[in-house]
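Trainee: Pick one helix pair and take me through it closely, please. Then tell me how the rest frames it.

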Amino acid sequence: MFDNRYVTEKNNLDLVLSKKYKMLKSIGGGRRSITGIPSPKIDTIMIHFVLLISRQGKVRLTKWYSPYSQKERTKVIRELSGLILTRGPKLCNFVEWRGYKVVYKRYASLYFCMCIDEEDNELEVLEIIHHFVEILDRYFGSVCELDLIFNFHKAYYILDELLIAGELQESSKKTVARLIAAQDALVEAAKEQASSLSTIIAQATK
Amino acid sequence: MNPFSSGTRLRDMIRSIRACKTAAEERAVVRKECAAIRAAISENDQDYRHRNLAKLMFIHMLGYPTHFGQMECLKSIASPGFPEKRIGYLGLMLLLDERQEVLMLVTNSIKQDLNHTNQYIVGLALCALGNICSAEMARDLAPEVERLLQFRDPNIRKKAALCTIRIIRKVPDLAENFINSAASLLKEKHHGVLLTGVQLCTDLCKVSSEALEYFRKKCTEGVVKVLKDLANSPYAPEYDIAGITDPFLHIRLLKFLRVLGQGDVDTSDCMNDILAQVATKTESNKNAGNAILYECVATIMSIEDNGGLRVLAINILGRFLSNRDNNIRYVALNMLMRAITVDSQAVQRHRATILECVKDSDASIRKRALELVYLLVNESNVKPLTKELIDYLEVSEPEFRGDLTAKICSIVEKFSPEKIWYIDQMLKVLSEAGNYVKDDVWHALIVVITNASNLHGYAVRSLYRLVQTAGDQEILIRVAVWCIGEYGDMLVNNTGFLDMEEPITVTESDAVDVVETAIKRHSSDLTSRAMCLVALLKLSSRFPSCSVRINNIIVQYKGSLVLELQQRALEFGAIVDKHQNIRSTLVERMPVLDEATYSGRRAGSVPTVVSTSQGTPINLPNGVAKTTSAPLVDLLDLSSDDVPVPSSSGGDFLQDLLGVDLSPSSSQTDTNQAQKRGTDVLLDLLSIGTPPAQSNSSIPDMVSSSQDSKSAINVLEQLSSPSAPAGGVSTPPGSSSMMDLLDGFAPNPSKPENNGPAYPSIVAFESSTLKVTFNFSKQPGNQQTTIIEANFSNKTFDAYTDFIFQAAVPKFLQLHLDPASSNTLPASGNGSISQKLRITNSQHGKKSLVMRIRIGYKLNSKDVLEDGQINNFPRGL
């Protein structure tokens, strides 16, 4: 309901106005630091959400680091797929949307999208997306959309090793792979234990 | 085993959902699965909880409701095994968000898991906490997280660092507890920990000035050294991207340096060398390198001035701008926009390239470039830049035209060196993209035209020519019709012919043709048609030879279904037909409109308020007021023409009618002036057009004449509903909008006081330290806008300094804050700070006000931040 952007008399801006207008106003004599660059906001989350959308507009993964209600989430996905899927192939990988920027990159039939603040480094986010894709690729062995559909939870586990609170956690692909493998092994061990237990019970009850 | 709960395997469910051909089929499958899962939940089936949760997540991702599974996540988290916990935490993060109450229940489980012996379980708990924790959880679990910052395994330390970021974002007060442990993370060698540690320090600096000071003093040199080592490090396969070791770490270090250096000369000096090295040595042929360069430029632009570095940075942006990669050009434009405040000359050098970007095929780039061009315009380059933009307007895509038009108009208005150029450019825009031009822009154009007395002829001739070629632009036609109505004679006689003009021959009937075509266009709306009628009336006097033809056109609207048009057509028809003797004086040229007053009003106008009845207590539905006001005012417009010419009044009843209309209006002109911001501009034209000095002197005459002559009232009643018995003293409710308008001008200075009910004051916010009260008042006649006077008082025994009040409102509200009376709040209620807020509620009557506030101040030089939400606004605001 609130967009958590506070108004003060210094940056006396109507919240509903688009952000570009804010930008102009702040440059044209609004809030200024000593050097003239607008001072950073209090709430500066880097990545607000991650979306994976297929070319048909189906959602393959969503991760929200900023609070969005269920209704807003659906709306955001609808808006963004309309915006991104229609863009031509040679255009830049950034779209401006509701005062934020969405960095997207297409890999085969999937669009990887991350939403960031206007002042953040778009090029770096492209690199993060690529980093994520490479880790997925290494994990699944040349990943395809079907891998992400049937093993969507695995994709989430990998993402959780890469990002927390919308910030990058690990810059080494190898470390992420190792951590995921260790946890998968834990799950396998638990499964085996359970199944051996159930065979013992089965044999005992025979 | 329960045959109903086991259901299908996850894989099979996904398959069957994918096999669905229609949405209805999919819904059926999902419904069946959900039913099975619900059954399993109600039987507390543990064997398949794992699988059911996974299914629910998939169903959730498809957009179906899954709230019934939330408790299952909590149960799964509470179970002892790693696999259950893993899926449980995943479900928690996916199916819940931080605002749900259920989340509180999980705090205890997370606390236990944070102390678990298995480090992977600790990792899961940290990850969940970092992604969804609420302020309450942050407070409860901060000590655990702080302890984990020193955990033996680096992978837990890095997770704890990011978790801390979330915690201090939610509860900035906690920041101070983390400063020391965060600083120790900066000494780590493990990249993951370093990466997250640097990020944590950056975030700490943003919420706490104490942290910023601490890191500036203690850590700047260390961070510079880390960056130096990293930039010079040999090939490291694990972190290498395109030949650069860990660009992510590079970028975070640069970001941190930016925060440290901003506003501090010594710290900035300290990092000059390394920034220069990164800016010159980084490879720019791959995205990773460019990302670093981009971040480096941002840092150089933000830290304290160092001429050499700035030149370097602008040069990098120049290189970016000529790059063939769209992404690189995009970020260059983005950064140049920030650089323009630092060094606008340097940015001007790239003007030509930026202009090319406005014409790019990529919408994102176009938009950025247009914003930038807009900032680049100044008095010296406005002409060539505008020409380029207008040339481009002709070929631009329709969806871009709105933005482009708005920007061009704004540039032209702001920087135009002379009136003729302004008129020329505006006419070009009108003929290319008139439909995108906002009302206030073309109203301003008319004001400028009336003020340029030597250009009247030129303007009307240009407009005439343009209408011939671009006859489909509604706004162009409106301006043309208005000008032809006013200056039709100059069009025909070629008065005020300029040397540069092409000669043109227009007959009187040609001029009438234009207006006739305009009024008969299918797409003309009420405003245009009303303007046409007025223009016709004026032309009937300017061109007596055409008056029969004009009357024929007017007559056709006597049967119009729109009341306004019908009424005007009847009145104008009568004037043309029966009252030739007074016609010429009735429709004299408009007096020159006052530019300063108009632009002043425009600047202060509230965009949502479009009611002409600002002074009236009767609340008009906005739509009605808007559509009817313009034609109505046209009538008044005539009357205002008449004021300076009392000789023409004679005993004629029409004159009396106009006199009745006018006298209240002119007597109110001055008093209303201040509050009439945002009224329809045509109305503004009217009130400006009535020279106050003259009208003041004429008031007594007019009033007396209207009161004396009974016939005037009779006629008035005949002509325009039972309205305004001598100035609208009594106002029967539910009268027509015409009535309301007159009422608005009625001399009732006492009215604004009893305007709407008074609202009780509320205590908006009260904590142990601070009390905030709100007093409410309404702007007369504007129910949507509430003026709030906020009073802050201090309940402690120490004064607050650097007091700052912030407020956030939902989208349907617009908020404007005036400066506070002071930024120091004396101790124990010995004085208070007051601040005015203006809130416009676009959903007035449907939704009530709600506001979130944040108050920051310094208590004994410590930052304090309080926040709260105000829901107890009186109803009906």
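Mentor: Axes here are lines fitted to C-alpha atoms, for helices over the stretch in contact, with angles from 0 to 180 degrees between N-to-C directions. Residues count from 1 along each chain as written, and chains are lettered from A, ligands numbered from 1, in written order. It's a predicted model, so local features need pLDDT (the predictor's confidence per residue, 0 to 100) of at least 70, side-chain atom pairs need 80 or more, and totals for chains, interfaces and linings use all residues.

Now the pair: in chain B, helix α23 (residues 398-415) packs on helix α24 (residues 419-433) at about 170°, axes 10 Å apart. Helices are DSSP runs of H or I, at least four residues, and strands are E runs, at least two, numbered from the N terminus. That angle makes α23(B) roughly antiparallel to α24(B) (the cut-off is over 145 degrees). From α23(B), Arg401(B), Thr405(B), Ile408(B), Cys409(B) and Val412(B) meet Tyr422(B), Gln425(B), Met426(B), Val429(B) and Ala433(B) of α24(B); contact means C-beta atoms, placed from the backbone, within 7 Å. Seven of these residues are nonpolar, two polar and one charged (nonpolar: Ala, Val, Leu, Ile, Met, Phe, Trp, Tyr, Cys, Pro; charged: Asp, Glu, Lys, Arg; polar: the others, Gly among them).

Zooming out, chain B has 39 helices and 10 strands. Of its contacts with a separation of 6 or more, 68% join residues 24 or more positions apart. Chain B also puts 82 residues into the contact with chain A, which supplies 63. That chain B side divides into 39 nonpolar, 21 polar and 22 charged residues.

Definitions and conventions:
Contact = placed C-beta atoms within 7 Å. Parallel < 35°, antiparallel > 145°, perpendicular 65-115°, else oblique.
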